[in-house]
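I opened the model to look up a few residues, the helix contacts and the pocket. These are my entries, in the order I made them.

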Amino acid sequence: MNRPLSRVERSAQRRQSWLKEEAMKARDSRGEAGLMEFWLRLARSRMVKDVKAGRGDVYSAFALICRLFITALDQRVEGDQRIWNDLLQYAEQVVSKHPPRH
């Protein structure tokens, strides 16, 4: 017999459902670009909250991630897909093990 979920667990479950629904709506209405825009808006909102909480290093971390992404794009254009493939593989592994919580 399963125990009932706690208030915190129910809240986390609702948040996960909301994220999935909103991501699906964004993709359905605007395609992959809409999905990307949804995650960018969510990331920006989280970064603002982190800065307000005294964790200002979030900006430099995001900038570094953007530089990594641009490097992977550039290398792919030049015919070397190793960084691109490694980046996507690592991102899939991390996101599947640790989905966004709040």
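Entry 1, A33. I began with the exposure of A33, keeping in mind that the model is predicted. A33 has a relative accessible area of 42%, so I put it down as partly exposed; the class lies between the 20% limit for buried and the 50% limit for exposed. I found A33 in helix α1. I then took the C-alpha separation of A33 from A53: the two are 20 residues apart in sequence and 30 Å apart in space.

Entry 2, S45. I stayed in helix α1, where S45 is also found. S45 comes out at a relative accessible area of 33%, and it is therefore partly exposed. I looked up its distance to L5, which is 40 residues away along the chain, and got 28 Å between the C-alpha atoms.

Entry 3, α1 against α2. I checked how these two helices cross. The axes of α1 and α2 come within 8 Å, and the crossing angle is roughly 150°. I noted α1 as roughly antiparallel to α2 because of that angle, the cut-off for this class being over 145 degrees. On the α1 side I listed L40, M47, D50 and V51, which meet V58, Y59 and F62 of α2. By type, I counted six nonpolar residues in this contact, no polar ones and one charged.

Entry 4, α2 against α3. I next took helix α2, residues 57-77, with helix α3, residues 82-97; they pack at about 135°, and their axes are 7 Å apart. The angle makes α2 oblique to α3. From α2 I wrote down L68, F69, T71, A72, L73, Q75 and R76, and from α3 I83, W84 and L87, as the residues that make the contact. I sorted the residues of this contact into seven nonpolar, two polar and one charged.

Entry 5, A72. I picked one residue of α2 for a closer look. Is A72 buried or exposed? It has a relative accessible area of 0%, so I marked A72 as buried, the limit being under 20%. Leaving out residues up to four places away in sequence, I found that A72 touches I83, W84 and L87. I also looked up A72 with F38: they are 34 residues apart along the chain, and their C-alpha atoms are separated by 22 Å.

Entry 6, E78. I moved on to the loop between α2 and α3, where E78 has its place. E78 counts as exposed because its relative accessibility is 61%, and the class starts over 50%. I set E78 against S6, 72 residues apart in sequence, and read 52 Å from C-alpha to C-alpha.

Entry 7, the largest pocket. I asked what volume the largest pocket has, and the value is about 1800 Å³. I found 34 residues lining the largest pocket, and the closest to its centre are W39, A43, I65, A91 and V95. Which helices supply at least two residues each to the lining? I noted α1 (7-52), α2 and α3. The largest share comes from α1, with 16 residues of the lining. I split the lining by type into 26 nonpolar residues, two polar and six charged.

Entry 8, looking back. I went over my notes on exposure once more: A72 in its class of buried, E78 in that of exposed, and A33 and S45 as partly exposed. For the helix pairs I kept the labels roughly antiparallel for α1 with α2 and oblique for α2 with α3.

How values were computed: Residues numbered from 1 in each chain as written. Predicted model: local features only at pLDDT ≥ 70, side-chain atom pairs only at ≥ 80, totals over all residues. Heavy atoms only, no water. Axes fitted to C-alpha atoms, helices over the stretch in contact; angles between N-to-C directions. Parallel < 35°, antiparallel > 145°, perpendicular 65-115°, else oblique. Contact = heavy atoms within 4.5 Å. Nonpolar A, V, L, I, M, F, W, Y, C, P; charged D, E, K, R; others polar. 1 Å grid on protein atoms, 1.4 Å probe; cavity = no way out; pocket = protein on both sides within 12 Å on 5 of 7 lines; lining within 4 Å. Points joined across faces, edges and corners; volume = space filled by probe spheres on them. Buried < 20%, exposed > 50% of the residue type's maximum accessible area, 1.4 Å probe, protein only.
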